[in-house]
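Have the sequence and the 3D view ready, and let us walk through them together. We will go from one bound molecule to the next and finish inside the protein.

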Amino acid sequence: MSVEKKDLDWGNLDFSYRKTDYSYVSNYKDGAWDEGCLTADHTIQMSECAGILHYCQEVFEGLKAYTTADGSVVCFRPDMNAQRMADSAARLVMPQFPIERFVDAVKQVVQANLAWVPPHGSGATLYIRPLMFATGDVIGVKPATEYQFRILVTPVGPYFKGGDTAVKLCVSPYDRAAPHGTGNIKAGLNYAMSLKAVTEAHANGYAENLYLDSESRTYVEETGGANVLFVAKDGTLVVPQSHTDSILPSITRRSLVQVAQDLGIAVDERPVEWAEVKSGAFTECGLCGTAAVISPVGEIHEGEDVVVFPAGHETSGPVMAKLRSTLTGIQSGELEDTHGWVCKIC
Ligand code: PLP
Ligand code: COI
């Protein structure tokens, strides 16, 4: 089906919100979700006593729709986002939105906004943001009994300005997630706590914070909005793991581990000490996530200390570039999808 696209400067979009035509909404009451529908109303009216406003019961997701080389519109592993949202909801004692309904709702809302799906090759995508929050009244600290699940979509360009231009990180003086807390789920509360840290990092000229584990401040965890990957001198892809369950299980990262294995790149998933990074053990570093895709990191600063990644100092180094082109090739239909990750919408 061909749809007349909106008149946007697709190649120059940044990562910001632009209202589209429809969102998807479903409400949970008396122990059940209603049947859900598309809505052109992008506002929400709720009680001043809603659980989200007091005790922050909210979880969200992020995925993208792409126009492929043959003009189809697809998204990437939406079942994984559905499962992660269910896991996040369980941790905050919220009801789970069924996996198959989540995937169906993603398809419905993208299809309703086809005019906003950026054209193939523009570098832009349609960002899909499912969210769920407590609408029911609570005044004592307890889970609410009513919730809303929603999906908004908005066309976006690269998360970091310059796309494949290497960014600088700083080691954050703040912690992101408590050991065995909520760092491994996608809940708004984790991002509220990161706002002061990221505002200061930006003011100091850094694109993002690198967080160390808050238990020992010894191990590398992740950044505010993406997982971290390193490449060792022998070409191995090194993927930081957490002893304390405080890294978000990135779908991009888990896909890249598989892509690396498919490409014959050795993968080592293990805790990574910050001291090892400082010792110059790694030649490349990258941030991976739906928004970040894989963004090269050129330097990480900690006070006066600077760690430089020589093979990826200006743009992606060879390993990150290969991973990036393979993943984006699969997502845009230019490379074969051998794992059945691409979900056709229309
Ligand atoms: N880590 C954090 C804290 C994030 O917010 C995100 C974004 O979703 C990621 C990692 C990357 O996860 P994914 O690849 O599933 O988008
Ligand atoms: C995503 O990558 O989808 C995210 O949710 C990260 C967010 C910081 C934009």
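The space taken by ligand 1 is the largest pocket. Keep in mind as you look around that this is a predicted model. Three elements each give two or more residues to the shell around ligand 1: strand S11 (220-223), helix H6 (251-262) and strand S15 (282-289). In total, 17 residues surround this ligand, and the closest are Tyr-191, Glu-222, Ser-250, Thr-252 and Thr-290. If you sort the shell around ligand 1 by class, you find eight polar, five nonpolar and four charged residues.

Now zoom in on the oxygen atoms of ligand 1. An N or O atom in the side chain of Tyr-191 is 2.4 Å from one oxygen atom of the ligand. The side chain of Thr-290 also takes part, with a polar atom 2.6 Å from an oxygen atom of ligand 1. With Ile-251, look at the backbone instead: a polar backbone atom there is 2.8 Å from an oxygen atom of ligand 1. How much of the ligand does the protein bury? Taken alone, ligand 1 exposes 390 Å², and the protein buries 96% of that.

Let us move on to ligand 2, which sits in the largest pocket too. The residues around ligand 2 include Phe-15, Phe-60, Tyr-127 and Tyr-159, along with Gly-62 and Gly-225. Thr-290, which you met beside ligand 1, is also one of the residues around ligand 2. By class, the shell of ligand 2 has five nonpolar, three polar and two charged residues.

Which side chains have a polar atom beside an oxygen atom of ligand 2? In Lys-186, a polar side-chain atom lies 2.7 Å from an oxygen atom of the ligand. In Arg-129, an N or O atom of the side chain is 3.3 Å from an oxygen atom of ligand 2. Thr-290 offers its backbone here, with a polar atom 3.5 Å from an oxygen atom of ligand 2. On its own, ligand 2 has 280 Å² of accessible area, and the protein covers 91% of it.

For a last stop, find Asn-190 in helix H4 (residues 188-192). Is this residue buried or exposed? Asn-190 counts as buried because its relative accessibility is 2%, and buried means under 20%. Its side chain has a polar partner in the protein: a polar atom of that side chain lies 3.0 Å from the backbone oxygen of Ile-185.

Note on methods:
Residues are numbered from 1 along each chain as its sequence is written. Chains are lettered from A and ligands numbered from 1 in the order in which they are written. This is a predicted model: local features need pLDDT of at least 70, side-chain atom pairs count only at pLDDT 80 or more; totals for chains, interfaces and linings use all residues. Side-chain values use heavy atoms; hydrogens and water are left out. A residue is near a molecule or strand if one of its heavy atoms lies within 4 Å of it. A polar contact is a pair of N or O atoms within 3.5 Å; within protein, one must be able to donate a hydrogen and the other to accept it, and residues adjacent in sequence count only if both atoms are side-chain atoms. Accessible areas come from the Shrake-Rupley method with a 1.4 Å probe; for residues, only the protein chains shown count as cover. On a 1 Å grid over the protein atoms alone, a cavity is a set of points where a 1.4 Å probe fits but cannot get out, and a pocket is an open set with protein on both sides within 12 Å along at least five of seven lines; lining residues have an atom within 4 Å of a point. A molecule sits in a cavity or pocket if more than half of its atoms lie within 2 Å of its grid points. Helices (H or I, at least four residues) and strands (E, at least two) are DSSP runs, numbered from the N terminus. Ala, Val, Leu, Ile, Met, Phe, Trp, Tyr, Cys and Pro count as nonpolar, Asp, Glu, Lys and Arg as charged, and the others, Gly among them, as polar. Buried means under 20% relative accessible area, exposed over 50%, partly exposed in between (1.4 Å probe, protein chains only).
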